[in-house]
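User: Please examine the model shown here and discuss its internal spaces and the strands around them.

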Amino acid sequence: MRVASRTVFDFVRPNGSTAPVETELLYRSEDPFAVTMRFSAGGSVATWIVGRDLLVEGMSTRSGDGDVRLRPHSSRVLVLELVSDRHMTVFRVPARTLRKFLDATDRLVPRGTERFDADAFLSTVLR
């Protein structure tokens with residue numbers, strides 16, 4: 001079972017201007033600790049796997065100290081930072097959209113009840 005949502009995040013350029021980026025959020029009960037984010041812009045797609053708990057925590061306080069960081073900017077906007085070897089990409093994320101998505105993931109697999117079935121996951125990945 002899964003939860004999917006298509007939305008738009010605002011990519012924040014170094015000069016502070018923004019550009020819309022189509023974003024797909026995907027949560028699968030087979031991998032209950034992770035959320036897949038697919039960013040599509042200019043014919044390219046970038047995929048990041050993010051911890052669901054990091055996203056939940058980042059809704060209300062600074063979260064993440066590695067390659068993925070999320071923090072509130074205002075009551076309506078979150079700031080998502082994705083760090084790679086060469087770049088730091090910053091997005092403004094609508095808080096309401098992310099909250100709605102996370103609530104749906106919680107209805108599918110309530111936080112604290114997650115179980116990871118390695119055999120099922122590997123069978124999905126190795127198809």
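The questions and answers below treat the cavity, the pocket, the strand pairing and the aromatic rings.

User: On what basis are the values given?

Analyst: This is a predicted model, in which local features need pLDDT of at least 70 and side-chain atom pairs count only at pLDDT 80 or more, while totals for chains, interfaces and linings use all residues. Residues are numbered from 1 along each chain as its sequence is written, and side-chain values use heavy atoms, with hydrogens and water left out.

User: What is the volume of the largest cavity?

Analyst: A cavity is a set of points on a 1 Å grid over the protein atoms alone where a 1.4 Å probe fits but cannot get out. Points are joined across faces, edges and corners, and a volume is the space filled by probe spheres set on them. The structure holds 1 cavity of 30 Å³ or more. The volume of the largest cavity is about 30 Å³.

User: Which strand gives the most to the lining of the largest cavity?

Analyst: Lining residues have an atom within 4 Å of a point, and for the largest cavity they are Arg62, Arg69, Leu70, Arg71, Val79 and Glu81. Strands are DSSP runs (E, at least two residues) numbered from the N terminus; β5 (68–72) and β6 (77–83) each supply at least two residues of this lining. The most, 3 residues, comes from β5.

User: How many charged residues are in the lining of the largest cavity?

Analyst: Asp, Glu, Lys and Arg count as charged; Ala, Val, Leu, Ile, Met, Phe, Trp, Tyr, Cys and Pro as nonpolar; and the others, Gly among them, as polar. The lining has 2 nonpolar and no polar residues, and the charged residues number 4.

User: Why is β6 largely enclosed by the rest of the structure?

Analyst: Buried means under 20% relative accessible area with a 1.4 Å probe, protein chains only. β6 is largely enclosed because its buried residues are 6 of 7.

User: How many bridges join β6 to β7?

Analyst: Two strands pair if DSSP finds at least two bridges between them. β5 and β6 run antiparallel with 5 bridges, form a hairpin with 4 residues between them, and place valine 68 opposite leucine 82. β6 and β7 also form a hairpin with 4 residues between them, where glutamate 81 stands opposite valine 90. These two strands run antiparallel, and the bridges joining β6 to β7 number 7.

User: Which strand gives the most to the lining of the largest pocket?

Analyst: A pocket is an open set of grid points with protein on both sides within 12 Å along at least five of seven lines; the largest has a volume of about 280 Å³. Its lining has 9 nonpolar, 5 polar and no charged residues, and Phe39, Ala41, Ala46, Thr89 and Phe91 lie nearest its centre. β3 (34–41), β4 (44–51) and β7 (88–94) each supply at least two lining residues. The most, 4 residues, comes from β4.

User: How far apart along the chain are phenylalanine 39 and phenylalanine 91?

Analyst: Rings of Phe, Tyr and Trp (its six-membered ring) pair if their centres lie within 6.5 Å, and planes under 30 degrees apart count as stacked; the whole structure has 4 aromatic pairs. Phenylalanine 39 and phenylalanine 91 form a stacked pair, 4.6 Å centre to centre with 10° between the planes. The pair links phenylalanine 39 in β3 to phenylalanine 91 in β7, and the separation is 52 residues.

User: Is phenylalanine 91 buried or exposed?

Analyst: Phenylalanine 39 has 6% relative accessibility and therefore counts as buried. At 4% relative accessibility, phenylalanine 91 counts as buried.

How values were computed
Buried < 20%, exposed > 50% of the residue type's maximum accessible area, 1.4 Å probe, protein only. Phe/Tyr/Trp six-rings, centres within 6.5 Å; stacked < 30°, edge-to-face > 60°.
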